[in-house]
Amino acid sequence: MNAPAQTITITRPDDWHLHVRDGEALRTVVPHTAAQFGRAIIMPNLKPPVTTAAQAQAYAGRIRAAVPAGVAFEPLMTLYLTDNLPADEIARAKDAGVVAAKLYPAGATTNSDAGVTDIRKTYRTLEAMQKAGMLLLVHGEVTSPDIDLFDREAVFIEQQLKPLRRDFPELKIVMEHITTKEAAQYVAESDQYLGATLTAHHLLYNRNAIFTGGIRPHYYCLPVLKREIHRQALVAAAIGGNARFFLGTDSAPHPAHLKEHATGCAGCYTAHAAIEMYAEVFDAAGALDKLEAFASFNGPAFYGLPRNTGTITLKRESWTPPESFAFGEAELKPLRSGEALPWKLIA
Ligand code: DOR
Ligand code: ZN
């Protein structure tokens, strides 16, 4: 047997699903992402949400201003789909370089109050997107209180995604942060118009992580972590060679005091060590050789964009992320704070 690899060099990866927030927070979180990734798809769920081409351009400017000097990083902007996002905003957005719109079912997650109440209300806009070649990114969970929280993704596929794909067969859709074997299977069996992102935390953890030794709010995100069989199905999808699965961290920073709270916010912060966590998953699965396609090739192929030039190098070297980062006036507690990681980004 070959000795395990001690370093791995891959084409600079991209993050196809990221929350960076706004204002002071950008100074902490943007440098973390820019140190690893060449580009990132920026989620539009600000307060108020990013719903126009002009707002997206202004937000991109604020993000670029937080990129450290000498670092090349490109934010890829998205619009927040609402019941009344006008169809003619799509052409303006396309011209402004916006690459996608995000569908949040109203009430599904953080800052989704302005989200879509009935997908049929968005059909003229989706029509314009299909025509313009703009992608639709989906938070795939139904919101009905009658549906068990752990079943909301699987039910979304049946009730919403299948009819949507029938009605817009050539709309490119990314099912974001999938968490179940049902979603992995549905995406694998679909065609070139459907892809999916996988987070590091859903690949590393099952739902026990939220309850080990007490309630652990920093492992709470939406869609919530699922059973071990689902985690295993996600790992199989990530390493399986299907090019429609790709890296999207869903790194979602919140002030620590709002996560450690009676109604703690959903979101895991992983941007400080994202590629290291993915390397850990692929290594544990004996599939480090599959990391580059997942992290650096499959996303650009699905979005119709060129691959990054340049590389990053990871070394098998234990290091421990800090307990917290400054986050405006607050504190940000990253996933794995104070806990050793086996892979380290060295260049
Ligand atoms: O856990 C999550 N946090 N899931 C989401 O869909 C949104 C995100 C956030 O913005 O905090
Ligand atoms: Zn997200």
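Me: Which residue lies over the face of F297?
Reply: R307 does, in this predicted model. The distance to the ring centre is 3.6 Å.

Me: Any other charge over a ring? What sits over F150?
Reply: The charged end of R207. It is 4.7 Å from the centre of the F150 ring.

Me: Back to F297. What happens to helix 11 there?
Reply: Helix 11 has a kink of about 40° at F297. The proline P300 comes shortly after the kink.

Me: How many residues does helix 11 have, and how far does it reach?
Reply: Helix 11 runs over residues 291–303, so count 13 by the DSSP run. From first C-alpha to last, helix 11 reaches 18 Å. That is close to the 18 Å expected at 1.5 Å a residue.

Me: Is helix 11 largely enclosed or open, and why?
Reply: Largely enclosed by the rest of the structure, because 10 of its 13 residues are buried.

Me: Which ones are buried?
Reply: L291, F294, A295, S296, F297, N298, G299, P300, F302 and Y303. The kink residue F297 and the proline P300 are both in that list.

Me: What follows helix 11?
Reply: G304. Its phi is positive, near 70°.

Me: Switching to aromatics. How many aromatic pairs does the structure hold?
Reply: Nine. One of them is F282 with F294. The ring centres are 5.3 Å apart and the planes are at 45°, so the pair is tilted.

Me: Which parts does that pair tie together?
Reply: F282 lies in helix 10 (residues 274–284) and F294 in helix 11, so the pair ties together parts that are 12 residues apart in sequence.

Me: Are F282 and F294 buried or exposed?
Reply: Both are buried.

Me: And which residues do ring pairs link into a cluster?
Reply: W16, F246, F302 and Y303. F302 and Y303 also appear among the buried residues of helix 11.

Me: Now ligand 1. Which residues come nearest?
Reply: R21, N45, T109, L222 and H254, out of 13 residues around ligand 1.

Me: What does L222 offer ligand 1?
Reply: A backbone N or O atom. It lies 2.7 Å from a nitrogen atom of ligand 1.

Me: And H254? How far is its polar side-chain atom from an oxygen atom of ligand 1?
Reply: 2.8 Å.

Me: Where is the side chain of H139 relative to ligand 1?
Reply: An N or O atom in the H139 side chain is 3.2 Å from an oxygen atom of ligand 1.

Key. Residues are numbered from 1 along each chain as its sequence is written. Chains are lettered from A and ligands numbered from 1 in the order in which they are written. This is a predicted model: local features need pLDDT of at least 70, side-chain atom pairs count only at pLDDT 80 or more; totals for chains, interfaces and linings use all residues. Side-chain values use heavy atoms; hydrogens and water are left out. Helices (H or I, at least four residues) and strands (E, at least two) are DSSP runs, numbered from the N terminus. The expected span of a helix is 1.5 Å times one less than its number of residues. The bend at a residue is the angle between axes fitted to the seven residues ending there and the seven starting there. Buried means under 20% relative accessible area, exposed over 50%, partly exposed in between (1.4 Å probe, protein chains only). Rings of Phe, Tyr and Trp (its six-membered ring) pair if their centres lie within 6.5 Å; planes under 30 degrees apart count as stacked, over 60 as edge-to-face and the rest as tilted. A charge sits over a ring if NZ of Lys or CZ of Arg is within 6 Å of the ring centre and within 35 degrees of the ring normal. A residue is near a molecule or strand if one of its heavy atoms lies within 4 Å of it. A polar contact is a pair of N or O atoms within 3.5 Å; within protein, one must be able to donate a hydrogen and the other to accept it, and residues adjacent in sequence count only if both atoms are side-chain atoms.
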